[in-house]
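Colleague: Please take a close look at one loop contact in this model and then follow the surrounding features outward from there. I would like one connected account, with each term given its cut-offs where it comes up.

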Amino acid sequence: MKSFLTALSLELIIIAGSCFSLAHLEKVSDNLVEVNKKITAALENDDYTAADESIAVLYDYIEQYEPFFAAIGNHAEIDNIEMNLAELKAYSAGRLKYDALAKSQSLDFLFGHLPKNSRIKIENIL
């Protein structure tokens, strides 16, 4: 009976930890999407200074949460985000509006995709 209670307690701890980490991942993902929307708006208005500032904020935000992403997510997906962000920064610095907007849209997809892989779904289990 003692081992059953121990196993049940561990299961509850794991479930609670999973729920907490998923909620945190969704919050971080939403924040990344919001910063990326600011970048997109700045690029559409040809305000490259504001876009560059928001890109720097995005870099800092991703760097701050990189250990969390690495623990939770797919490492290839995180690498893909960093690669797209580097390209976005270069396109914005070169004032290549449409290339920068394309990378911003790619990042928008990737940021929205982060929590989708962590949710419990049949397609994620199979």
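**A loop residue and its partners**

Modeller: The side chains of Asp46 and Lys97 come together in a salt bridge, with 3.4 Å from N to O. Asp46 sits in the loop between H1 and H2 while Lys97 belongs to helix H4, so this pair ties together parts that are 51 residues apart in sequence. A salt bridge here is a side-chain nitrogen of Lys or Arg within 4 Å of a carboxyl oxygen of Asp or Glu, and helices are DSSP runs of H or I with at least four residues, numbered from the N terminus. This is a predicted model, in which local features need a pLDDT of at least 70 and side-chain atom pairs count only at pLDDT 80 or more, although totals for chains, interfaces and linings use all residues. Residues are numbered from 1 along each chain as its sequence is written, and side-chain values use heavy atoms, with hydrogens and water left out.

The two partners differ in their exposure class: Asp46, at 44% relative accessibility, counts as partly exposed, whereas Lys97, at 18%, counts as buried. In these terms buried means under 20% relative accessible area, exposed means over 50%, and partly exposed lies in between, with a 1.4 Å probe and protein chains only. The loop that holds Asp46 runs between helix H1 (2-44) and helix H2 (48-72), and the backbone at Asp46 has a positive phi of about 55 degrees although this residue is not a glycine. As background, most residues other than glycine have a negative phi.

A second loop offers a parallel case. Arg95, placed in the loop between helix H3 (75-93) and helix H4 (97-113), has a positive phi of about 60 degrees and is likewise not a glycine. The side chain of Arg95 meets that of Asp52 in a salt bridge of 3.3 Å, N to O. Because Asp52 lies in helix H2 and Arg95 in the loop between H3 and H4, this pair ties together parts that are 43 residues apart in sequence. Here Asp52 counts as partly exposed at 28% relative accessibility, and Arg95 counts as partly exposed at 42%.

The structure holds four salt bridges, and among them is one between the side chains of Glu87 and Lys103, at 2.5 Å, N to O. That pair links distant parts of the chain, with Glu87 in helix H3 and Lys103 in helix H4, 16 residues apart. Glu87 is partly exposed, with a relative accessible area of 27%, while Lys103 is buried, with 19%.

The helices that carry Glu87 and Lys103 can also be described by how they pack. H3 and H4 meet at an angle of about 155 degrees, with their axes 9 Å apart, where axes are lines fitted to C-alpha atoms, for helices over the stretch in contact, and angles run from 0 to 180 degrees between N-to-C directions. H3 and H4 are therefore roughly antiparallel, a class that takes angles over 145 degrees. The crossing of H3 and H4 is left-handed, which means that the near helix is turned anticlockwise from the far one by less than a right angle.

H4, the helix of Lys97, also packs with H1, at an angle of about 165 degrees and with the axes 9 Å apart. That makes H1 roughly antiparallel to H4, and H1 passes H4 in a left-handed crossing. Within helix H1 lies Ser29, which counts as buried at 2% relative accessibility. The C-alpha atoms of Ser29 and Leu110 are separated by 9.2 Å, although these residues are 81 residues apart along the chain.

H2, the helix of Asp52, also has an aromatic contact of its own. Tyr61 and Tyr65 both lie in H2, four residues apart, about one turn of the helix, and both are buried. The count of aromatic pairs comes to one. Tyr61 and Tyr65 form that pair, which is tilted, with 5.0 Å centre to centre and 55 degrees between the planes; rings of Phe, Tyr and Trp (its six-membered ring) pair if their centres lie within 6.5 Å, and planes under 30 degrees apart count as stacked, over 60 as edge-to-face and the rest as tilted. Finally, Lys89 lies over the face of Tyr59, at 5.1 Å from the ring centre, the rule being that NZ of Lys or CZ of Arg is within 6 Å of the ring centre and within 35 degrees of the ring normal.

Key. Helices (H or I, at least four residues) and strands (E, at least two) are DSSP runs, numbered from the N terminus. Angles under 35 degrees count as roughly parallel, over 145 as roughly antiparallel, 65 to 115 as roughly perpendicular and the rest as oblique.
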